[in-house]
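Colleague: Please take me through one part of this structure at close range. I would like to look at its aromatic rings.

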Amino acid sequence: LRRTQAWQMLLDVDASELELHDVEAFLQRELQQYAREEDPLVRANLAINLAFAKLRLGHDLREDLNTADQALTVIDVAGTGRAGLLVAWSRILRGRAALLRGELDLASAGCRLPNRANSWPHLATESLSCTAQVERQRGNVRAARATLARALSVHTALSGDAIAQPITLGP
């Protein structure tokens with residue numbers, strides 16, 4: 001339950017810095033307590049969530065993403081299962097971090113839409129949003145707007161599916 005709460009807090013755009021620091025500390029403890037010989041998917045998931053917390057706080061997340069990558073080396077990550085999802089999240093977080101550093105080519109590569117994006121709408125939305133930010137920083141406003149419109153469309157469909165009714169963003 002605590003891990004789910006931590007993930008929900010990371011997704012909350014209104015989460016305070018204090019709340020994010022609490023999540024970061026919790027995830028660090030969880031990752032340290034989780035023995036390397038246990039389920040590599042859980043270890044990778046914890047490391048990716050910790051990296052996401054660090055990204056939200058402006059901290060360096062490379063070590064945590066490397067931990068996730070190491071855990072995932074023992075698993076077939078090519079499919080649409082959880083391992084493939086974690087690999088895609090790791091790549092997009094690397095893209096987001098590159099975006100913050102102003103490394104737009106690396107950000108563009110990291111933020112690209114996953115191969116099976118329609119299987120993972122949350123991830124597709126994150127990917128498209130990141131790509132829109134890359135385009136905006138490159139000065140390509142038209143591409144940024146079009147990509148953001150796609151992200152909002154996926155988000156709208158995702159939100160409506162979650163409560164079994166359509167939801168529109170904005171007035």
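Modeller: Here is a walk through the aromatic rings, with a short look at the whole protein first.

This is a predicted model, in which local features need pLDDT of at least 70, side-chain atom pairs count only at pLDDT 80 or more, and totals for chains, interfaces and linings use all residues. Residues are numbered from 1 along each chain as its sequence is written, and side-chain values use heavy atoms, with hydrogens and water left out.

Start with the frame. The protein has eight helices and zero strands. Both kinds of element are DSSP runs, numbered from the N terminus: helices are H or I with at least four residues, strands are E with at least two. Of the 171 residues, 42% count as buried. Buried means under 20% relative accessible area, exposed means over 50%, and partly exposed lies in between (1.4 Å probe, protein chains only).

Now the rings. The structure holds three aromatic pairs. Rings of Phe, Tyr and Trp (its six-membered ring) pair if their centres lie within 6.5 Å. Planes under 30 degrees apart count as stacked, over 60 as edge-to-face, and the rest as tilted.

Take Trp7 and Trp89. Their ring centres are 5.6 Å apart and their planes stand at 85°, so this pair is edge-to-face. Trp7 lies in helix H1 (residues 2-11) and Trp89 in helix H5, so the pair ties together parts that are 82 residues apart in sequence. How exposed is Trp7? Trp7 counts as partly exposed because its relative accessibility is 21%. Trp89 is buried, with a relative accessible area of 9%.

Trp89 has another partner. With Phe52 it forms a tilted pair, 6.2 Å centre to centre and 35° between the planes. Phe52 sits in helix H3 (residues 40-57) and Trp89 in helix H5, so this pair ties together parts that are 37 residues apart in sequence. Both Phe52 and Trp89 are buried. Put the pieces together: ring pairs link Trp7, Phe52 and Trp89 into a cluster.

One more ring deserves a look. The charged end of Arg2 sits over the ring of Phe26, 4.3 Å from its centre. For that label, NZ of Lys or CZ of Arg must be within 6 Å of the ring centre and within 35 degrees of the ring normal.
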